[in-house]
Protein chains: 2
Amino acid sequence: MLATPALQPRGEGRGTPIAAVVLTGAEVDQTAGLLTLRERQEFAVLATAETHAAVAANPIFGVLAADVVTRRVVARDKPFALPGMSVELFAVPGKVALYLEDENPALASETGANVGVELVCGGRRLAYVPGAAAVPPSLRERLDRADVILFDGTLFRDDEMIATGTGGKSGRRMGHMPVGGADGTLAALAGLRGRRILIHINNTNPILIEESPERRQVEAAGFEIAEDGMEIVL
Amino acid sequence: MLATPALQPRGEGRGTPIAAVVLTGAEVDQTAGLLTLRERQEFAVLATAETHAAVAANPIFGVLAADVVTRRVVARDKPFALPGMSVELFAVPGKVALYLEDENPALASETGANVGVELVCGGRRLAYVPGAAAVPPSLRERLDRADVILFDGTLFRDDEMIATGTGGKSGRRMGHMPVGGADGTLAALAGLRGRRILIHINNTNPILIEESPERRQVEAAGFEIAEDGMEIVL
């Protein structure tokens, strides 16, 4: 979930500067934050039809009262305006949210269930991709025009959660390509011109450990590792 | 939501000491925390049939995998065992969760949609009532046997959110009796023998302000005001 600010804070008391929330999918970590924005302040939720349908199927999101919060369906590859910026959703290989999976979910399909976000602001571009199962040529072309790329850094190794005993699934089974390896993110995004920052980092990922070999490898490849409170000037 | 610990932390990595979660209702502030407990660690969720039905109607709670998280329906006034304690749900006047309201919801009904929790541990009793629309004699009798009472301190005055411009509803419309006034909580719980601690305090409530007249009134009446990190020895 990516919250975009209005040009200035609004209202008194519980006012927030959030004018719009753009969802890249319906996973808990993309949508649950909406439940903390339920204080009857106006904002818009923008997402694909697939993501809106997944959210709407949960009555609990009814706390975002329809007379206050506008839900707008947006298509991929069609730019739309938000205060101070232009925004576009684009295809990223991935899967449906965990709680919508059937027994054999498609793991790297390009549907409205998992997308990336491109922001254009003052002529500068930012790409936001919290979940990617692969980087096909069309996605790489899109990322190559961005000045800043925030990209899926969930796991370093595909079997990391199994090896650490924190889960039974591989990264690819969860819709996330690994950071390392011949078919990982460092290789897939090599040579792009923009600033590359890994986000959505799982707490098993050794790049979070100062001085770890994996962190050194990421830094040597020219990637940054996001941290709490990080400020990005586009 | 009240999380009860197992006797010791379990597992490595993502292990938590939480063995069971008892829900008093299906409001966002009682249930959304479940979404952060989705890391495939075993625990039980205990609640009335009404609350379980409200949760189950939201596919997003499917992230609590059925092979790991057990959902147990418990009836009011029937004690059940959790590690190290006995627990009982009891009737508290209230209403259904906001997102389940119809146009004219019952505001102070005694149903399974809103309950309190009584814990008995080592012969000592704690009552937990985060939302109460009124205190009928049967509830006062129940509270009078508790050594510690954690009670709804949402608003000091019934019209507080309207007066502060943070909402359009009175406290009673939201299922919460006020702390102050002739029919408020200080009056309703006067003379009880247990330690009385106000919880679930809204950020408009002036009892949160040091030295405010309302805070002084609460303290003079022998009530405590809960705070982050508070530890209670039963």
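Student: What makes E5(B) and strand E6 (residues 85-91) of chain B a pair in this predicted model?

Tutor: Three bridges join E5(B) to E6(B), and the two run antiparallel. Pairing asks for at least two bridges, so the three found here qualify. One bridge partnership links B:Leu82 with B:Met85 in E6(B).

Student: Which strands make up the sheet, and in what order?

Tutor: Seven strands of chain B form an open sheet, ordered E5-E6-E7-E8-E9-E10-E11, with mixed pairing. Strands E5 (80-82) and E11 (223-225) each have a single partner strand, so they stand at the edges with one side lacking a neighbour in the sheet. From one strand to the next, the twist averages 25 degrees.

Student: What lies across E6, E7, E8 and E9 of chain B?

Tutor: That is helix H3 (residues 137-144) of chain B, which runs at about 160 degrees to E6(B).

Student: Now the interface: how do you know how much chain B and chain A bury between them?

Tutor: The size of an interface is often given as the accessible area lost when the parts come together. Here chain B and chain A bury about 1900 Å², 66% of it on carbon and sulfur atoms. On the chain B side, helix H1 (residues 28-31) gives the most, with three residues. The residues on that side divide into 11 nonpolar, six polar and four charged.

Student: How many salt bridges are there between chain B and chain A?

Tutor: The count is zero. A salt bridge needs a side-chain nitrogen of Lys or Arg within 4 Å of a carboxyl oxygen of Asp or Glu, so no pair between the two chains is counted as meeting that rule. Two residue pairs are in polar contact across the interface, though.

Definitions and conventions
Residues numbered from 1 in each chain as written. Chains lettered and ligands numbered in written order. Predicted model: local features only at pLDDT ≥ 70, side-chain atom pairs only at ≥ 80, totals over all residues. Heavy atoms only, no water. Helix = DSSP H or I, 4+ residues; strand = E, 2+ residues; numbered from the N terminus. Axes fitted to C-alpha atoms, helices over the stretch in contact; angles between N-to-C directions. Contact = heavy atoms within 4.5 Å. Buried area = accessible area lost by both parts, 1.4 Å probe. Polar contact = N/O pair within 3.5 Å; in protein donor to acceptor, adjacent residues only side chain to side chain. Nonpolar A, V, L, I, M, F, W, Y, C, P; charged D, E, K, R; others polar.
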